[in-house]
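Q: Please take a close look at the ligand site in this model. I would like the contacts first, then the parts of the chain around them.

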Amino acid sequence: MTETTGTSKLIALFGPPGSGKGTQAEYLVRDYDLYHLSTGDLLRAEIKQGTPLGRQADEVIKSGALMPDAIIQGMIRNQVNSVLGEKAGILFDGFPRTAAQADFLDGLLAELGLAMKAVVFLAIDAEKLIDRLTGRRTCRNCGAVYHVKSSPSRREEVCDKCGGPLYQRPDDNRDSIAERLAAYERQTYPVLQAYENKGLLVRVDGDQSREAVYRDIAGALDRILAIPGRD
Ligand code: AMP
């Protein structure tokens, strides 16, 4: 099937919780004209609206476990269909997280005559992640992310960008973090392995400054997207 949508830069961003994925996603969508498709953000929006799905997601997210594949896949199908043609590409953030989700995505993209171009993985040690997550603060208004030690806001608990209140995500506590890291190890590493076998994986050292991490990602993506037939 030929691509008719113009939305061809399909990139997935992987990184365990606390790897700086949110920050890198912001830079990527800005510089590569991508639609940011974050399943975590979609679920948090449902929670905020108090929908039945949101009530289920609230429980599951607090526990640190994963939502059922069928629910996530339904959300992805709707989103992909509704954003095709809007931007030059899509950044999948937090998805696919299981082998079943990865198979589903392959099938969906094949139906649309599209294919994943690159899968970026932010690699970082578990001990570093725990420190990053327990200190993380997020703006309730605009979603900007801070860290109490490494990148604090100028005024405590107030966002530098929009003045909104900062909060700690309810799943950024030690129990949820341990469960989320275990879920990542158990369910998401095999997905990465499969992308590596397909030659799509771009592994970046996530334990550097955010600028250095982004330089590495952008350098690799520029090379990949410049390959004829892959842009
Ligand atoms: P994130 O913001 O990507 O860290 O996601 C927060 C939480 O949302 C996860 O810990 C899961 O409970 C849920 N979630 C997000 N994306 C997925 C997904 N692709 N599959 C299953 N659960 C997900």
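A: The answer below starts at the ligand and then turns to helix packing and backbone geometry.

This is a predicted model. In it, 15 residues surround the ligand. The closest are Thr39, Arg44, Ala65, Gly94 and Gln101. By class, the shell holds 7 nonpolar, 4 polar and 4 charged residues.

Three polar side-chain contacts can be listed. Threonine 39 places a polar side-chain atom 2.7 Å from a nitrogen atom of the ligand. Arginine 44 has a polar side-chain atom 2.9 Å from a ligand oxygen atom. For arginine 97, a polar side-chain atom lies 3.1 Å from a nitrogen atom of the ligand. On its own, the ligand has 480 Å² of accessible area, and the protein covers 96% of that.

Which helix gives the largest share of the shell? Helix α2, residues 39–49, does, with 4 residues.

Now the packing of that helix. α2 packs with helix α3, which spans residues 52–63. The angle between them is about 120°. Their axes are 7 Å apart. Angles that are neither roughly parallel, roughly antiparallel nor roughly perpendicular count as oblique, and the perpendicular range runs from 65 to 115 degrees. α2 and α3 are therefore oblique to each other. Their crossing is left-handed.

A second helix pair can be set beside this one. Helix α6 covers residues 126–134, and helix α7 covers residues 174–197. These two pack at an angle of about 140°, with their axes 11 Å apart. That angle makes α6 oblique to α7. The crossing of α6 and α7 is right-handed.

Two backbone details remain. The first is a peptide bond. From phenylalanine 95 to proline 96, the bond is cis, and omega is near -5°. Proline 96 sits in the loop between β3 (89–93) and α5 (99–111). The second is a phi angle. Aspartate 33 is not a glycine, yet its phi is positive, at about 55°. Aspartate 33 is placed in the loop between α1 (21–32) and β2 (34–38).

To return to the site itself: the ligand has polar side-chain atoms of threonine 39 at 2.7 Å, arginine 44 at 2.9 Å and arginine 97 at 3.1 Å. Helix α2 supplies 4 residues of the shell.

Note on methods
Residues are numbered from 1 along each chain as its sequence is written. This is a predicted model: local features need pLDDT of at least 70, side-chain atom pairs count only at pLDDT 80 or more; totals for chains, interfaces and linings use all residues. Side-chain values use heavy atoms; hydrogens and water are left out. A residue is near a molecule or strand if one of its heavy atoms lies within 4 Å of it. A polar contact is a pair of N or O atoms within 3.5 Å; within protein, one must be able to donate a hydrogen and the other to accept it, and residues adjacent in sequence count only if both atoms are side-chain atoms. Accessible areas come from the Shrake-Rupley method with a 1.4 Å probe; for residues, only the protein chains shown count as cover. Ala, Val, Leu, Ile, Met, Phe, Trp, Tyr, Cys and Pro count as nonpolar, Asp, Glu, Lys and Arg as charged, and the others, Gly among them, as polar. Axes are lines fitted to C-alpha atoms, for helices over the stretch in contact, and angles run from 0 to 180 degrees between N-to-C directions. Angles under 35 degrees count as roughly parallel, over 145 as roughly antiparallel, 65 to 115 as roughly perpendicular and the rest as oblique. A crossing is left-handed if the near helix is turned anticlockwise from the far one by less than a right angle, and right-handed if clockwise.
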